[in-house]
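Please take a moment with the sequence and the model shown below. The paragraphs that follow go from the chain as a whole to its interior and then to a single peptide bond.

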Amino acid sequence: MVVVPAASHASFDRLMPYDVYLYRLTSYDIYGEPKHTEQPEGPYRAAIVDRVATVRDRDGLEIVSTTVAYINTDGARINSDDKILLPVEYGSDKRKIA
């Protein structure tokens, strides 16, 4: 995942035609599965690219990602355990995002 700083230039939004939503990690259940907020943050403007990339999770394990999302978060930080909801045409939350 690449976080792009906020830009005040209107033409910048044309490069990021999609809206994505962010669900923050809140805790883990008794089985170690992540729990996220019920209400999403966003929408954030994003450019989405179908590309295979390898990233590391919070435990240092390599994960193969099929989607790269360039997100303009206006300065908000996105952590590796937060869940990003993609637009429907990109499979919503079914894809791993780098």
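**From the whole chain to its core**

In this predicted model, buried residues account for 27% of the 98 residues in the chain. The accessible surface of the chain amounts to about 6500 Å², and carbon and sulfur atoms contribute 51% of that area.

The secondary structure consists of seven strands and zero helices, so that a reader following the sequence meets the pattern β-β-β-β-β-β-β. Among the contacts in the chain with a separation of 6 or more, 57% are between residues 24 or more positions apart.

Which residues make up the largest nonpolar core? This core has 11 residues in all, namely Val20, Leu22, Tyr44, Ala46, Ile48, Ala69, Ile71, Ile78, Ile84, Leu86 and Tyr90. The elements that supply two or more residues to this core are strand E2 (18–23), strand E5 (41–56) and strand E6 (62–72), and E5 gives the most, with three residues.

Ala46, a member of this core, offers a view of the surroundings from a single position. When its neighbours within four places in sequence are left aside, Ala46 is in contact with Met16, Pro17, Tyr18, Val20, Tyr70 and Ile71; of these partners, Val20 and Ile71 are also listed in the largest nonpolar core.

A backbone detail remains to be pointed out. Pro43 lies in strand E5, and the peptide bond that leads from Gly42 to Pro43 is cis, with omega near 10 degrees.

Conventions. Residues are numbered from 1 along each chain as its sequence is written. This is a predicted model: local features need pLDDT of at least 70, side-chain atom pairs count only at pLDDT 80 or more; totals for chains, interfaces and linings use all residues. Side-chain values use heavy atoms; hydrogens and water are left out. Helices (H or I, at least four residues) and strands (E, at least two) are DSSP runs, numbered from the N terminus. Buried means under 20% relative accessible area, exposed over 50%, partly exposed in between (1.4 Å probe, protein chains only). Contact means heavy atoms within 4.5 Å. Accessible areas come from the Shrake-Rupley method with a 1.4 Å probe; for residues, only the protein chains shown count as cover. A nonpolar core is a set of buried Ala, Val, Leu, Ile, Met, Phe, Trp, Tyr and Cys residues joined through side-chain atoms within 4.5 Å.
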